[in-house]
Amino acid sequence: MVTESIDIVTKSVVKYMIKNGLRLCTAESCTGGMISQTVTEVAGASQMFLGGACTYTEEVKMKLLGVKGETLEKFSVYSEQTAGEMSSGAMKLFGADCAVAVTGIAGPGGGTEDKPVGTVYVSVRNDRREIVRTLRLDKEYENLDRRMIRMITTLKALEMVLELYGQKTEDDINVNG
C-alpha cells in the first residue's frame, strides 16, 4: 500500500514539475537517498531533478548545506530548524526551484523520550514559502521498522511538495474530477 502510494505521488510530483518547468533537489539524512531514488525511478525525471545530497552527519550538513553549528547545538540535528536550514542550503547548492529536506530518527536505536524512533522533520520550500513539519510516525503507525519509517517519510515529503504548489495526486484528480 505504501509503495503504491509513493509511486502515485512521485509520478504526480515529476509530472507537475516538468509541466511547469520547475527543478527539484533533495537533502536527505534518515531517508539515505530514498527520496532521490524514488524520484529518479520515474521516466522523465531527468527533466526536473537536479540531484540530492545525502548528508548523514552533522559535519556534512554544516559543510555542504550550510547548517549552522548554533542551530545544531540549540535545537539538535533532529529539529524543524535543522530541516529548514538543510532545504535552504540544498536550494542554494543545486540552484533548484524547490528543495526537500529530511532529518530524523529511523531507529531502531537513537530515540529519546522527547524524540522517539519515528520522529522525523521535513522541510519543503520554493522561493516563496516553506512548509516544515514534525512527523510523529510512532503515534500514527504500529509495528514500524526502519524501512517503513524511511518509506513513509519519503511519501509524506513528496506529498508536501504537491501541497507547496497547491496540487493533488493524479489519482485524486482522476477520482474527484
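This passage walks through the strands, one helix, the salt bridges and the cysteines of a predicted model.

A good place to start is strand β1, since several other elements come back to it. On one side of the story is strand β2 (residues 49-54), which runs parallel to β1 and is joined to it by 5 bridges. Within this pairing, Glu28 sits opposite Cys54 of β2. The link between the two strands involves helix α2 (residues 34-40): together, β1, α2 and β2 form a β-α-β unit, and the unit is right-handed. β1 also pairs with β3, again in parallel and again through 5 bridges. Here Leu24 has Cys98 of β3 as its bridge partner.

β3 in turn has a pairing with β4, this time antiparallel, with 6 bridges between the two. One of the matched pairs is Ala99 with Arg125, the latter lying in β4. So how covered is β3? Of its 7 residues, 7 are buried, so the strand counts as mostly covered by the under-20% cut-off for relative accessible area. Its residues can be split by the way they point: Cys98, Val100, Val102 and Gly104 go one way, while Ala99, Ala101 and Thr103 go the other, and all of them are buried. That split fits a general pattern: side chains in a regular strand alternate between the two faces of the sheet.

Next comes helix α5, which covers residues 80-94. Is its length what one would expect? With 15 residues at 1.5 Å a residue, α5 should span 21 Å, and the C-alpha atoms at its ends are indeed 21 Å apart, so the two values agree. A good part of the helix is tucked away, with Thr82, Ala83, Gly84, Glu85, Met86, Ser87, Gly89, Ala90 and Met91 all buried. What do these buried residues pack against? Their partners include helices α3 (58-65) and α4 (69-75). On the strand side, they pack against β1 (24-28), β3 (98-104), β4 (119-125) and β5 (130-136). Right after α5 comes Gly95, which has a positive phi, near 65°.

Turning to charged side chains, the model has 7 salt bridges. One of them brings together Glu59 and Lys63, with 3.3 Å from N to O. These two residues both belong to helix α3 and are 4 residues apart, so about one helical turn separates them. Glu59 is partly exposed, because its relative accessibility is 48%, while Lys63, at a relative accessible area of 67%, is exposed.

A second salt bridge joins the side chains of Glu130 and Arg125, at 3.2 Å from N to O. Which of the two is buried, and which is partly exposed? Arg125 is the buried one, with a relative accessible area of 17%, and Glu130 is partly exposed at 33%. Arg125 is also the residue that partners Ala99 of β3 through a strand bridge.

A third salt bridge links Arg136 to Asp138, with an N to O distance of 2.7 Å. Both ends of this one are partly exposed: Arg136 has a relative accessible area of 23%, and Asp138 comes in at 29%. Helix α6 takes up residues 137-140, and Lys139 is found in it. Lys139 is exposed, because its relative accessible area is 65%. In sequence Lys139 lies 23 residues from Pro116, and in space their C-alpha atoms are 9.9 Å apart.

Finally, the cysteines. How many disulfides does the structure hold? The count is 0. Cys25 takes part in none, and the nearest cysteine sulfur to it belongs to Cys98, 7.5 Å away. That is beyond the 2.5 Å within which a pair of sulfur atoms would count as a disulfide. Cys25 is buried, with a relative accessible area of 0%. Cys54 is in no disulfide either, and the nearest cysteine sulfur, from Cys30, is 9.8 Å away. Cys54 has a relative accessibility of 44%, so it counts as partly exposed. Both Cys98 and Cys54 have already come up in the strands, Cys98 as the partner of Leu24 and Cys54 as the residue opposite Glu28.

Methods: Residues are numbered from 1 along each chain as its sequence is written. This is a predicted model: local features need pLDDT of at least 70, side-chain atom pairs count only at pLDDT 80 or more; totals for chains, interfaces and linings use all residues. Side-chain values use heavy atoms; hydrogens and water are left out. The expected span of a helix is 1.5 Å times one less than its number of residues. Buried means under 20% relative accessible area, exposed over 50%, partly exposed in between (1.4 Å probe, protein chains only). Contact means heavy atoms within 4.5 Å. A salt bridge is a side-chain nitrogen of Lys or Arg within 4 Å of a carboxyl oxygen of Asp or Glu. Two strands pair if DSSP finds at least two bridges between them. A crossover is right-handed if, with the strands pointing away from the viewer, the path from the first strand over the helix to the second runs clockwise.
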